Amino acid sequence: LYAAIHALTADGTIVSAYALDAKGVAAAVSKMAFGNKKGVRIEHNVDPRDLFITTPVVSAEQAVVKVLAPVTNTLKENKTVEVLAILSYDGEKVACAKKTFIVGAGEKKDSELLLSVSNPALWDDITPNLYDIRIAVQAEGMEADITEKKIGLRQITISASEGMKINGRAITLYGGCIHHDNGILGARALPRAEERKIRNLK
């Protein structure tokens with residue numbers, strides 16, 4: 001089977017092939033169809049499960065966005081990889097950071113980028129401002145692997161003495177005991193009935 005697939009790939013009959021694993025058919029099709037614009041498997045990639053974006057510094061004057069993006073090289077040769085992070089707000093680029101390094105054959109290497117934002121538009125429960133971040137991993141001779149996300153620049157703290165704070169402002173949380181049933185409507189969760197319960201609580 002593999003010999004036949006290899007031959008069909010070599011003559012161009014098969015554009016992309018991906019082995020089915022424990023992640024299932026959907027994951028294999030996704031890799032083939034959306035791995036990159038040419039529909040071939042990306043050999044230097046950032047696993048979304050490994051991508052972490054945090055905001056270690058947040059104030060009205062400045063915020064720092066920390067991107068931790070481990071890069072995996074599944075090839076049998078070393079490759080030079082460039083990781084580029086671009087942060088935008090309302091369509092305008094506000095910060096960027098780049099790191100270039102060598103990833104050994106079969107190796108997984110961490111890359112850490114810091115982006116500084118002056119006078120940031122902070123996220124909170126009243127003004128949920130969101131930034132767009134674009135992370136591109138470019139290996140020599142290969143198409144870039146791109147990940148895009150929306151993030152909020154905020155700092156959340158919780159303490160026994162002061163409760164919960166977002167960006168230094170105290171937040172009061174209200175809660176209640178809500179039973180799973182809807183009275184005479186029964187135990188089934190009906191969208192309109194659930195919405196009514198929440199509205200009554202507010």
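Met-164 has Ile-171 as its bridge partner in β13. This pairing belongs to a predicted model, and it falls within the contact between strand β12 (residues 163-166) and β13, two antiparallel strands joined by three bridges. The two strands form part of an open sheet of three strands, ordered β11-β12-β13 and paired in the antiparallel sense. Because β11 (156-159) and β13 each have a single partner strand, they stand at the edges, and one side of each lacks a neighbour in the sheet. From one strand to the next, the twist of this sheet averages 30°.

The chain as a whole contains three helices and 13 strands. Of its 202 residues, 29% count as buried. The accessible surface amounts to about 13500 Å², and carbon and sulfur atoms contribute 56% of this area. Among contacts with a separation of 6 or more, 53% are made by residues 24 or more positions apart.

A further open sheet consists of four strands in the order β6-β5-β9-β10, again with antiparallel pairing. Its edge strands are β6 (92-103) and β10, each of which pairs on one side only. The twist in this sheet averages 15° from one strand to the next. Within the sheet, β9 and β10 run antiparallel and are joined by seven bridges. At one position along this pair, Ile-135 stands opposite Thr-147 in β10.

Antiparallel pairing was also found for strands β2 and β3. Strand β2 (residues 52-58) pairs with strand β3 (residues 62-68) over five bridges in the antiparallel sense. The connection between β2 and β3 is a hairpin of three residues, and Val-58 has Ala-63 in β3 as its bridge partner. Strand β3 also runs antiparallel to β8, to which it is joined by seven bridges. In that pairing, Val-65 stands opposite Leu-115 in β8. In general, the strands of a sheet pair through backbone hydrogen bonds, in either a parallel or an antiparallel arrangement.

Charged side chains were examined next. Side chains of opposite charge can pair when their charged atoms come close. A search of the whole structure identifies nine salt bridges. One of them is formed by Arg-169 and Asp-125, whose closest N and O atoms are 2.5 Å apart. This pair links distant parts of the chain, since Arg-169 lies in strand β13 (residues 169-171) and Asp-125 in the loop between β8 (112-118) and β9 (131-139), at a separation of 44 residues. Arg-169 counts as partly exposed because its relative accessibility is 32%. Asp-125 has a relative accessibility of 46% and therefore also counts as partly exposed.

A salt bridge is also formed between Arg-134 and Glu-148, with the closest N and O atoms 2.7 Å apart. Here too the pair links distant parts of the chain: Arg-134 is in strand β9 and Glu-148 in strand β10 (residues 145-151), 14 residues apart. The salt bridge thus connects two strands that are themselves joined by seven bridges. The two partners fall into separate accessibility classes. With a relative accessible area of 36%, Arg-134 is partly exposed, whereas Glu-148, at 55%, is exposed.

Another salt bridge pairs Lys-165 with Glu-162, the closest N and O atoms being 3.3 Å apart. In addition, Asp-124, Asp-125 and Arg-169 are joined into one network by salt bridges that share partners. The contact between Arg-169 and Asp-125 described above accordingly involves two members of this network.

Nonpolar side chains also contribute to the surface. Ile-178, Ile-198 and Leu-201 form a nonpolar surface patch, and together they present about 280 Å² of accessible area. Leu-201 is located in helix α3 (residues 191-201). Leu-201 counts as exposed because its relative accessibility, 55%, lies above the 50% cut-off for that class.

Definitions and conventions:
Residues are numbered from 1 along each chain as its sequence is written. This is a predicted model: local features need pLDDT of at least 70, side-chain atom pairs count only at pLDDT 80 or more; totals for chains, interfaces and linings use all residues. Side-chain values use heavy atoms; hydrogens and water are left out. Patches are made of residues with over 30% relative accessible area and no salt bridge: like charges are joined within 9 Å, nonpolar side chains (Val, Leu, Ile, Met, Phe, Trp, Tyr) within 5 Å. Accessible areas come from the Shrake-Rupley method with a 1.4 Å probe; for residues, only the protein chains shown count as cover. A salt bridge is a side-chain nitrogen of Lys or Arg within 4 Å of a carboxyl oxygen of Asp or Glu. Buried means under 20% relative accessible area, exposed over 50%, partly exposed in between (1.4 Å probe, protein chains only). Two strands pair if DSSP finds at least two bridges between them. Axes are lines fitted to C-alpha atoms, for helices over the stretch in contact, and angles run from 0 to 180 degrees between N-to-C directions. Contact means heavy atoms within 4.5 Å.
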